[in-house]
Amino acid sequence: MDFTQKLKETLISVVPIVISVVLLNFTLVPLDGLMGPFLTGSLFLVSGLSLFLGGVDISMVPVGQKLGSVMALRKSLPLVLFLGFSIGFSVTFAEPDVSVLSARISSLNPAIDSSILTFMIAVGLALCIDLGLFRALKGISLRAVLICGYLVVFLLVYLTGQGAASMAFDSSGATTGPLAVPFILAMGLGVSSSTRGAGESSFGLTGVASMGPVLSVSLMVLLTGGSSSAPSAVASESAVSLGSVLLHVLKNTAKGFAPLLLAILVLQFTLLKFPKIRFKNICLGLIYSFAGIVLFLSGVEYGFSEVGVKIGQTLSENYPFYVLLAVSLIFGAIVVLAEPAVWVLTSQIENVSAGRIRKKQVMLFLCLGVSLAVALAMLRIHFHINYLYFVFFGVALALVLSFFCPPLFTGIAFDSGGVASGPLSTSFLLSVAIGASGSAEMSFGLVGLIAISPLITLQILGIIFDRRKKNAAS
Amino acid sequence: MLLLEGSLLLAVLGHNQADRFSSVARQCGATGATAVPAKGTASSKILRLLGMGDKSRDLVLVLLDDNVNADTIISEAKADPALTGICALLNSDEEKNMKAGWKMVTIITNTGYADDIMHAAREAGAEGGTVIHARGTAPADAEHFLGVVVVPDKEMVMILCPEEKEEQIISAVNSLSCLKEKGVGIMYSQAVEKFENLGE
């Protein structure tokens, strides 16, 4: 773990957000009293993110990779499926974001029981992790799995309508928490590097896993009758103290972290058996990543959410629509840089490709994608466009592109869909959208769009990469 | 396939410095270079104790024939302020290697042991080491699972040390209790013709 390097990387990723919010403050949107919390929050963001990334490097990544490798070496399919299911289920079931999402959905549609929905989401994700592991082991083409999965999704979503569709796609972004994603990514990497060498099937596990919640949420809505999407009031939290935010986040994160920690400890003494010094480093890494993510999330909650709502509100009320559109394009591009899991994914890509695919390139195309997604979401809010169009065209285009794109990049692209829609976009960007639309209901779907757009842009990067390589060879 | 009789120049550099080093080597007449992502360990004891010792490194391998002077590459690289790390030269002529008094100890094990190996090596006097993530290759009769060949993930640790510390390091690593199991890994050492620090 190289703390200074992490600090440098995080500063680069957080500074653009701070600069643009400060600029807005002096030009279009005076933030008055919100500026102090925002700057404090940014400090928390930088320190938390670097601590988290450093910790993940020496804990989640080596443990996940070794677990994947050991699972393959044990050569027992039931063991693989059992471990995949139990880890997937426990981390999702305990994830605070999932219970928040379930509660929100069931408040819109009383026919759905929120605890049953949480259970269904966890089962959906766990089954899809099994599917993804099985695929990685067998070497079944990722494209085939994704096409089959999304055909079912399309059918379900078509039957349930746009209210359910936006919820379903949002849930796939919310379910995979920032602590679980690096672990799942590393597990996929470990399985594939032990069976077919680092390469084509190294990525894709997170992508397949994110289909799970989409499937289960839309199935749930379908079974309980169509969604009666009554607009709910925007939850407006009055100014809270930093201390209470920290405490609240600490409690929630601990709840989500506990099962993962337990799983890692049990695995250490049964399957993994890391030697003394490495195990000490892993424990330290777990502490760092936990402390880091608590700082990060507190910073976001304390300083960013309200600023987002304020920006969205002011821009949509006082200025022509194109101003809001321009600001969302910029925010979309820079916010993804500060998503914790994005940095984990891009460094894994750099490692797997032995430095051939650079962090910067992947980041650039992720920025493009998310920027586009946020702008589209604003267009949708402004013109009341049917959400189903976005989902159908977006995912269909992504699936078509997978025929022209090298399989490695298809895996990367579908993984980054789940990765790009992290805590910062679900709170800050969503707040901007809520502020702009005035209702929580219309802003549903933004997170889903953020999860879909990288599927397209990163596969385009893959196609360009392939062209370049061929040109260089000939 | 290019077959060269000569020497192997090995450089462990800071993150993303591989391309720069390769172009220096090419300017001095080398035909090409191979870059491998690696991890280095810091020398600060406090950082290591906190588990913050690892840094990303680029490992670069350059094959040189007799027409290329390794010394010019090394001195050019030393003159470049953007390059930091170490440089070692392995000659195919063993006698030349013996004179310099440096050794390279390499340990290849299943993943998970590198931290403990480095810890033991340091206690025995090693300054630092470089870790590469690798995988085993499958023999013809390898084990199959779901129709796929299964090979273990590996970690490769490379330690450059003065000749007189070689024995101690080897025996320290060898006496690690976690490496007692049969088939857990291999270790070898070789002489190095030249060893230089780059930058700082």
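What volume does the largest cavity have? Keep that in mind for Exercise 2, and remember as you work that you're looking at a predicted model.

**Exercise 1. Work out which way helix α6 of chain B faces.**

Step 1: check the length. Helix α6(B) runs over residues 163-174, so it has 12 residues, and at 1.5 Å a residue it should span 16 Å. Its end C-alpha atoms lie 17 Å apart, which agrees.

Step 2: find the buried residues. For α6(B) these are B:E166, B:I169, B:I170, B:A172 and B:V173. They take up an arc of only 165° around the axis, which puts them on the same side of the helix.

Step 3: recall the helix rule. An α-helix has 3.6 residues a turn, so residues three or four places apart point the same way.

Step 4: look at the other face. Turned away from the buried side of α6(B), you'll find the exposed residues B:E164 and B:E167.

Step 5: see what does the covering. The buried residues of α6(B) are covered by elements of chain B including β5 (102-110), α5 (114-123), β9 (153-162) and β10 (185-192).

**Exercise 2. Describe the two largest cavities.**

Step 1: count. There are six cavities of 30 Å³ or more.

Step 2: take the largest cavity. Its volume is about 110 Å³, which settles the opening question. It is lined by 13 residues, and those closest to its centre are A:Y150, A:S172, A:S210, A:G417 and A:A451.

Step 3: trace that lining back to helices. In chain A, α8 (162-175), α10 (205-223), α17 (407-420) and α20 (446-473) each give at least two residues to it. Sorted by class, the lining of the largest cavity has seven nonpolar residues, six polar and no charged.

Step 4: move to the second largest cavity, with about 60 Å³ of space. Its lining includes A:T176, A:P178, A:E339, A:G418 and A:P423. Here α14 (340-352) and α17 of chain A each supply at least two lining residues. The classes in this lining are six nonpolar, five polar and one charged.

**Exercise 3. Decide whether A:S69 is buried or exposed, and name what it touches.**

Step 1: place the residue. A:S69 sits in helix α3 (residues 60-74) of chain A.

Step 2: apply the cut-off. The relative accessible area of A:S69 is 4%, and buried means under 20%, so A:S69 is buried.

Step 3: list the contacts. Leaving out residues up to four places away in sequence, A:S69 touches A:G190, A:V191 and A:S194, plus B:P152 and B:D153.

Definitions and conventions. Residues numbered from 1 in each chain as written. Chains lettered and ligands numbered in written order. Predicted model: local features only at pLDDT ≥ 70, side-chain atom pairs only at ≥ 80, totals over all residues. Heavy atoms only, no water. Helix = DSSP H or I, 4+ residues; strand = E, 2+ residues; numbered from the N terminus. Expected span 1.5 Å × (residues − 1). Buried < 20%, exposed > 50% of the residue type's maximum accessible area, 1.4 Å probe, protein only. Arc of directions from axis to C-beta. Contact = heavy atoms within 4.5 Å. 1 Å grid on protein atoms, 1.4 Å probe; cavity = no way out; pocket = protein on both sides within 12 Å on 5 of 7 lines; lining within 4 Å. Points joined across faces, edges and corners; volume = space filled by probe spheres on them. Nonpolar A, V, L, I, M, F, W, Y, C, P; charged D, E, K, R; others polar.
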